[in-house]
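Here are my comments on the model you sent, set out as numbered points. Please read them with the sequence and the coordinates open beside you.

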Amino acid sequence: MAKPFFANVKSVLSGDTLVLASQNNPNAERTFSLAFVAGPHLRRDGDEPFAFQSRDYLRGLAVGQPIQCTVLYTIPSSGRDYGYAQLKDGTQLPDNLVEAGWLKLREDAGRKDDSEDTLARLEKLRNLESQAKSAGKGLWAATDGVIEVQNDIGSIDFNEWKGKSVDGLVERVLSGDRCLVRLKLSDKTHLQVMALIAGIRAPSTERVNQSTGQTQPAEEFGNEARNFVEQRLLQRNVKVELVGTSQQGQLIASLLHPRGSIAEFLLAAGLARCNDFHSTMLGSKMAALREAEKKAQAGKLCLHKGHVAKAAGSGTSDMIVSKVFSADTIFVRTKTGDEKRISLSSVRGPRAGEPSEAPFRDEAKEYLRKKLIGKHVKVSVDGSKPASEEFAARDVATVTEKGKNINLALVQDGWTSVIRHRKDDTDRAPNYDELLAAQEQAKEQKKGMWSGKASKAKTYTDASESVQRAKIQLSTLSRQKKVPGIVDFCKAGSRFTILIPREGVKITMVLAGVRAPRAPRSGGEGGEPFGQEALELANRRCNQRDCEIDVHDIDKVGGFIGDLYINRESFAKTLVEEGLAQVHQYSAEKAGNATELLAAEQKAKEGRKGLWHDWDPSQEEAGDEEAGPVETSTESEATDKKASDYREVIVTNIDANGRLKIQEVGKGSSALEAMMNEFKRFHLDSKNAKPLGNPPKTGEYVAAKFTADGQWYRARVRSNDRNAKVSEVVYIDYGNSEQIPWADLRSLDQPQFTVQKLKGQAIDAVLSFIQLPTATDYFRDATDYIAEATDGRNMVASFDFVDAKEGLSYITLFDADESSGDASSTFADSVNKDVVAKGYAMVPTKLKAWERGRASEQVLKILREVEAQAKEGRHGMWQYGDITED
C-alpha cells in the first residue's frame with residue numbers, strides 16, 4: 001500500500017492536475033494528477049470547453065493549501081504520479097470535483113488494477129458522476145462552456161479599458177515585476193497577456209538566452225523578488241488596474257491583492273525600486289510607492305543594504321538672484337554678499353546639441369530672467385553635482401519666489417524638460433513625480449519647446465560697432481525719453497551693453513556726467529582703485545535688469561552717452577552716492593544732471609565712501625576760496641529752507657506711472673469752466689462739425705470727443721497709428737489719455753480755445769517723501785487708494801518742491817474739509833502719511849537733495865515711524881515681510 005505524503009499546493013494546471021511544493025523546501029516541486037479521472041485542458045491553440053471553469057474550481061479549493069496525497073501509480077515515461085488527495089478541511093479529491101461535475105471518469109479507469117479498494121473507489125465515483133449528469137452540473141451543463149482567450153493587447157481598444165479596474169488572475173510569475181495575467185473582460189472573453197507591475201522595477205531572475213542557449217544568472221535578489229510575488233499572487237484572484245502600455249507594447253498595470261498593492265509590499269521589503277518611467281501613468285498613487293521605498297532604504301533592506309542616507313540639508317535660505325545663466329542655472333547672492341551658482345533640481349533647459357530644442361534656448365532663458373532677476377527667492381538645496389571638466393561642483397536646488405515653485409513653473413510652461421535620474425540618484429527634486437506629470441501636460445498642450453515651432457530668433461544689430469552706425473541710431477534714440485531696454489552686460493562701473501528690443505539694436509552705454517575707475521582685466525591685472533568694487537555694484541544692481549535709458553550724445557568710438565535708470569532710479573547717482581564714481585562737471589552740466597550728481601557726490605564725501613575714504617574737507621574749502629564764489633542752486637537752497645506754499649487743488653487723474661494730474665482751484669479753474677461752457681456750445685453747432693483736413697501730427701493740439709461722455713475737450717496728440725487711423729491723445733486740462741479714431745478729432749485753431757488763451761490746466765505732481773511699490777499688484781493697490789482718497793474732493797496741496805526742468809511738482813495732500821490749509825497742517829493728517837500707513841508706499845532710502853534739508857527732518861521721522869508700524873502689522877506690500885531686506 002502506497003504511503004501518503006504532505007505538500008502545499010502551489011498551482012493548478014487543470015481540473016485534474018496540481019503542482020505541489022515541498023513543505024520543507026519550497027523550491028522542490030512535483031506534478032500530481034488525480035487518478036481515474038480526466039478534465040478539459042487549457043491549450044495554446046484554444047482551450048477545450050469548460051477547461052477554465054474546471055481548473056478554476058480546483059484552484060479555488062486548493063491553491064495555497066496544505067494537502068495530503070496518496071500515489072497509486074507512476075507513469076515511467078513522464079515520471080508523473082497519479083493518485084488521490086485530501087485537503088486540510090477534509091475535502092476529498094477527485095471525489096469533490098466529480099460530484100460538482102467538473103471531472104469525468106476515464107473509460108480505462110481500473111483496467112490494470114482490480115483490487116477491492118480500487119473497485120469500491122470507482123463505484124463511488126460512478127455514482128457521483130451519475131448524480132452530476134442528472135443535475136446538469138459542470139461539464140454536463142447545457143451551455144457550450146467555451147471562453148475566447150485573446151493573447152494580444154492590441155486585440156482590444158485599450159483606451160476603453162485604460163484607468164479601469166478588471167478582475168484578473170495571475171497565471172505565472174516571471175520576475176518580481178513581470179507576470180502573465182488573465183483579464184476577465186467578460187464571462188465569455190478573457191485576455192491573457194504579459195503585464196509589467198506599475199511603478200516598480202525588480203532585479204531580473206535566472207533565465208536562458210534563447211539565441212545562445214546559455215543560462216544568464218539572476219541579478220542579486222532577483223529570485224527572492226519572484227518568490228515573494230509567487231507566494232502571494234500566483235493563481236490568486238486580483239484586481240488589475242490598467243494604467244498604460246510600454247514602448248514595447250506590454251501592458252502596465254497595478255496588481256491589487258485583497259491586502260493591497262503588491263508593488264508597495266515589494267518596495268517595503270527592499271526587493272524592488274521605484275520606476276520613474278511609470279510616474280506619469282500613476283499620478284498621485286506614485287507617492288505611496290515612494291514612501292514605501294524610503295522605508296526600505298531607511299532599514300537598509302535587500303537592494304538598499306548599502307544605502308547611504310542623504311545628508312540633512314541646510315533647510316531653506318533667502319537669497320537674491322543676481323544672474324540667470326540659462327533656463328536651468330542661476331547665480332544667487334546670499335545675505336553676506338557671497339555669490340554661488342545653483343542648478344535647478346531635476347530640470348534641464350533646451351540643449352544646444354538637440355536640433356528640436358536648441359532654437360528655444362534664448363526664449364527659455366528670457367522667461368526665467370523675467371521671473372527671477374533681482375528677486376528675493378527661497379532656495380532649498382536638494383543635493384549637489386560633482387565637478388566636471390567644464391564646471392566646479394555646484395548645488396542643485398528647488399527655488400521658490402513668493403511661494404511659487406519656479407522649477408515646476410518652467411516645466412509647466414514647456415521651457416525645461418525633466419531629467420531622468422539614475423535609480424540610485426537621490427539628488428532630485430522632492431516633487432519629482434509632479435514635475436513628470438507637468439511635463440506630460442506641457443507636451444499635450446504643446447507649450448514652449450514642445451510646440452514644435454520656435455519664435456523667430458531675436459537678433460540685435462550692434463549700433464556701437466562704428467561711429468557712423470552710432471550716429472544714425474543716435475538720431476532715433478535722442479528723440480525718445482525713457483527708452484526701455486535690458487542690461488545685457490556690465491563692462492565697467494559706468495559702461496554697459498544695453499539691448500533695445502523695440503529697435504532691434506544693442507548699444508554700448510556710457511553714463512553721462514560721471515567717471516568710474518577702470519576695472520581690472522579678467523586675470524585681475526591692471527585697473528584702478530575701487531574699479532572692481534564699481535563693477536561689482538553694477539553687476540549687482542544692473543546686470544540682466546530691465547532698464548530705461550535717455551541718450552544725449554555719442555563718444556568718439558561709438559559709445560552712447562546718457563542716463564541709465566533701474567527701477568526708475570538713476571544708476572549714475574547711485575554709483576556716485578556709493579563713492580565709486582566722480583562727477584565730471586562739464587559733461588554733467590551738458591547732460592543736465594549736474595545738480596543731482598554733485599549733491600550725491602557731496603553725500604559720498606561726507607560719508608567717506610569709496611574714492612573719498614580719505615577726503616579732507618579743509619583742503620577742498622581752501623580750493624573753493626581760491627576759485628572764488630560759486631552761485632548757489634535753487635535745489636540746494638531747498639534742502640535747508642522750505643517756504644510755505646499751500647494751494648487748493650483737485651486731483652483729476654492718476655497715470656500708469658503713479659503721477660497725479662491736478663488742477664488748481666481758483667482763477668485758472670474758473671477760466672477753464674467758462675471756456676468749457678463756450679467750448680461745448682461751439683461743438684454742438686453743426687456748422688463746426690468739421691473733421692481734420694489732414695492726418696494729425698504728434699504734438700498737435702486738437703479737440704477730441706471723450707469716449708466716456710461723448711463731450712469735446714482740448715487734447716494733444718501723443719502718437720498715431722496710421723494703419724488703424726487712431727491717435728493716442730492726452731486731455732491737457734485733466735491729464736488722462738485714451739485712443740481716439742481720427743473721425744472724432746477736430747481742429748483746435750479757434751483763438752478763444754488755444755493754449756495761448758488758457759494754458760493746459762493739468763499739472764504733473766507726485767506725493768512728496770514717499771515711494772510707490774514697483775510690484776504690479778501693490779502699485780495698483782496704492783494708486784487705487786490714492787484715487788479713492790481724492791476722488792470728487794477739494795484738496796489742499798503743500799507744494800514742497802517744484803522741479804522746473806522735469807515740469808514736476810512734489811506735493812503733500814490734505815483733505816480741504818479737515819485741514820486748516822496752513823503750515824500747522826503737518827503730516828499727521830496727510831494723504832502721504834495715510835498711504836504709508838496702509839502699506840501702499842515706503843519711505844525712500846535714497847532721498848532727493850531737496851528732501852534732505854533740516855525742514856524735512858520731522859516729516860521723515862513721522863513717516864518712518866508710520867512705515868515701521870505698517871511693517872509690523874504686515875499691511876499692504878509688507879504682508880510677506882520686509883521686502884527691503886537684502
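1. Confidence. This is a predicted model, and its pLDDT averages 88 over the protein, with 94% of the residues scoring at least 70. Two stretches call for separate mention: over residues 621-642 the pLDDT is below 50, although this stretch has 19 contacts in the model beyond near neighbours in sequence. Over residues 820-825 the pLDDT is likewise below 50, and there the model shows nine contacts beyond near neighbours in sequence.

2. Nonpolar cores. The largest nonpolar core has 45 residues, and those with the most contacts inside it are C179, L183, V240, L242, L251, L255 and L266. Strand β12, which runs over residues 189-197, gives this core its largest share, namely five residues. L251 illustrates how the chain comes together here, since residues up to four places away in sequence are not counted and L251 still touches I153, F158, L183, V193, M194, A195, L196, L242 and G244. A second core, separate from that one, has 40 residues, with I498, M509, L511 and L575 among them.

3. Helix α3. Helix α3 covers residues 116-135, and its 20 residues should span 28 Å at 1.5 Å a residue; the end C-alpha atoms are 29 Å apart, which agrees with that expectation. The buried residues in α3 are T118, R121, L122, L125, L128, E129 and A132. Because these residues cover an arc of only 125 degrees around the axis, they lie on the same side of α3. What covers them includes β6 (81-87), α2 (95-99) and β8 (104-105), whereas the face of α3 turned away from the buried side carries the exposed residues E116 and S134. The helix is followed by G136, whose phi is positive, near 65 degrees.

4. Helix α9. The same check can be made for helix α9 (residues 361-372): at 1.5 Å a residue its twelve residues should span 16 Å, and the end C-alpha atoms, 17 Å apart, agree with this. In α9 the buried residues are A364, Y367, L368, R369 and L372. Just after α9 comes G374, which takes a positive phi of about 80 degrees.

5. Backbone geometry to inspect. Most residues other than glycine have a negative phi, and most peptide bonds are trans, so the following places deserve a look against that background. The peptide bond that joins L93 and P94 is cis, with omega at about 15 degrees, and P94 lies in the loop between β7 (92-93) and α2. S346, a residue other than glycine, has a positive phi near 65 degrees; S346 sits in the loop between β22 (339-344) and β23 (347-348), and it counts as buried because its relative accessibility is 3%, the cut-off being under 20%. R608 is not a glycine either, yet its phi is positive, at about 50 degrees. The loop that holds R608 lies between α16 (594-606) and α17 (617-627), and with a relative accessible area of 37% R608 is partly exposed.

6. Q480. Is this residue buried or exposed? With a relative accessible area of 19%, Q480 is buried, since the cut-off is under 20%. Q480 is found in the loop between α12 (467-477) and β29 (483-492). Not counting residues up to four places away in sequence, Q480 touches R502, E503 and D550, and a polar contact of 3.3 Å joins the side chains of Q480 and E503.

7. P4. This residue belongs to strand β1, which covers residues 4-14, and at 42% relative accessibility P4 counts as partly exposed. P4 and Q68 are 64 residues apart in sequence, but their C-alpha atoms are 6.5 Å apart in space. Leaving aside neighbours within four places in sequence, P4 is in contact with Q68, C69 and T70.

Technical notes
Residues are numbered from 1 along each chain as its sequence is written. Side-chain values use heavy atoms; hydrogens and water are left out. Helices (H or I, at least four residues) and strands (E, at least two) are DSSP runs, numbered from the N terminus. Buried means under 20% relative accessible area, exposed over 50%, partly exposed in between (1.4 Å probe, protein chains only). A polar contact is a pair of N or O atoms within 3.5 Å; within protein, one must be able to donate a hydrogen and the other to accept it, and residues adjacent in sequence count only if both atoms are side-chain atoms. Contact means heavy atoms within 4.5 Å. The expected span of a helix is 1.5 Å times one less than its number of residues. The arc is that of the directions from the helix axis to the C-beta atoms. A nonpolar core is a set of buried Ala, Val, Leu, Ile, Met, Phe, Trp, Tyr and Cys residues joined through side-chain atoms within 4.5 Å. pLDDT is the predictor's confidence in each residue, from 0 to 100.
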